[in-house]
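Here is a short tour of how two protein chains meet each other and a DNA strand. Have a look at the sequence and the structure first.

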There are 2 protein chains.
Amino acid sequence: MRLAELSRRSGVATATIKYYLREGLLPPGRQINTTTAEYDEEHLRRLRLVRAMIQVGRVPVATVREVLRHVDDDSLGLTVRLGAALWALPQVPEPEEDDAFVRAAHREAEELLDLLGWSNAKLLTTISPAYRSLVVAVAAFRRLGYDWETELLASYARLMHETAKLDLDFVETHPSEAEKVETAVLGTVLTEPILRALRRLAQEEESARRYGFE
Amino acid sequence: MRLAELSRRSGVATATIKYYLREGLLPPGRQINTTTAEYDEEHLRRLRLVRAMIQVGRVPVATVREVLRHVDDDSLGLTVRLGAALWALPQVPEPEEDDAFVRAAHREAEELLDLLGWSNAKLLTTISPAYRSLVVAVAAFRRLGYDWETELLASYARLMHETAKLDLDFVETHPSEAEKVETAVLGTVLTEPILRALRRLAQEEESARRYGFE
DNA sequence: TATGTTTGGATAGTGCTCCTATCCGAGAAG
DNA sequence: CTTCTCGGATAGGAGCACTATCCAAACATA
């Protein structure tokens, strides 16, 4: 199919597709001559993936390129590829290391991992972006004067562990490695809005149960 | 305190504070004379809240203004205020109603609410932004050809219900209404990065347990 | 009192991201 | 042979979150 059809079937403007091609989010089509290129179903699928990541997952274009680079890199093992793809996903800004709240949040996060017995995650505290995000967010909370026991955080963490098990179970239903990596990335990027929406719906439901609509 | 001190104690540049004042994210200080205004601890707290929402929660400035308008509006009852503040939070883009995937996602979401017995949430399907977000995200998944049973979605939903209970329990520990609303907003905006981080850490932990580091 | 510094308000500009509009000459379609 | 459409290149635009500059009033210091 040609660019116009790719545009029609995906609902993405041709100018935007050209932009994605330039940015390396889509591989170039098979060049037929100087003014015609041929695209296939794989391009359509990739385009839909890119669109979903950008529009639903709110992932920046530059980050999508990084993530896809890992998804497509079949020189690495599954675990590394998967980790690399997920670690490229956007995170909160870097913490200022000399901040007292950040240092306290650091201690609290380590305590949390001990409490949970997440020994593997403990090994990653110096490098995992997810760990740094956790520290920044906890520090922001503390800075606002909110106080809670680590047990509350641990309760949330246990629920997220259950979520992660569902995530991995779903990934395992896909046979090929490439599919696994793509599913894992999507299962993280696209289920985040789903979880957020479900959480807010659940808050509304639970709030109505407790207090009515008044 | 004066603007310079507010800046020093919050770590936010004076030019940025002036910007927030212009945008109505911070109430103006007590005007002493034409060139001096006095700020208090409440301003500092509000500034930190704004910063946390923008930097950690990635909430757009215009949305922060909307949310704060509801937080400050004491003419309404708690439930309405809380709902209004949360509904002002950012969502995924509007769905195109005439899309087959969107219609299917709609049906699936309603089926999900029935399955869960979330009868209160069911009443809100036409108006709740969270419900619309859910539909858009589910439709995006389906459009990519992914298939799952509604039971998987229901499992995620039950976990989010547990999360929501923790959220509301935490809010209840705060006595005043104003505090409750502020806590609820923060507990939604700031715990989202925390949950996301915990989920990714849990994925790393669980992945290492299942497959090792290889 | 003289003088340099600081204050808050107004306004314009910056850097970034994600597109979008226009132009162009080579091919395809009728 | 004319007209349309193609893909590539480039420039432009809209939105966002600041940021830099200017200004006159007021304060601080000597």
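## Around the axis

Leu159(A) is the residue of chain A that comes closest to the rotation axis, its C-alpha lying at 3.1 Å. Chain A superposes on chain B through a rotation of 180° with 0.0 Å of shift along the axis, at an RMSD of 0.0 Å (a least-squares fit on the C-alpha atoms of residues with pLDDT of at least 70 in both copies). The two copies are therefore related as by a two-fold rotation axis.

This is a predicted model: local features need pLDDT of at least 70 and side-chain atom pairs count only at pLDDT 80 or more, while totals for chains, interfaces and linings use all residues. Residues are numbered from 1 along each chain as its sequence is written, with chains lettered from A and ligands numbered from 1 in the order in which they are written.

## Where the chains meet

In chain A, 66 residues are in contact with 66 residues of chain B (contact: C-beta atoms, placed from the backbone, within 7 Å). On chain A's side, α11(A) brings the largest share, 20 residues (helices are DSSP runs of H or I, at least four residues, and strands are runs of E, at least two, numbered from the N terminus).

## Beside the DNA

DNA strand C is surrounded by 22 residues, and the closest are Pro60(A), Val61(A), Arg2(B), Leu3(B) and Ala4(B) (near: C-beta, placed from the backbone, within 6 Å). With 3 residues, α2(A) gives the most to this surface.

Technical notes: Two residues are in contact if their C-beta atoms, placed from the backbone, lie within 7 Å.
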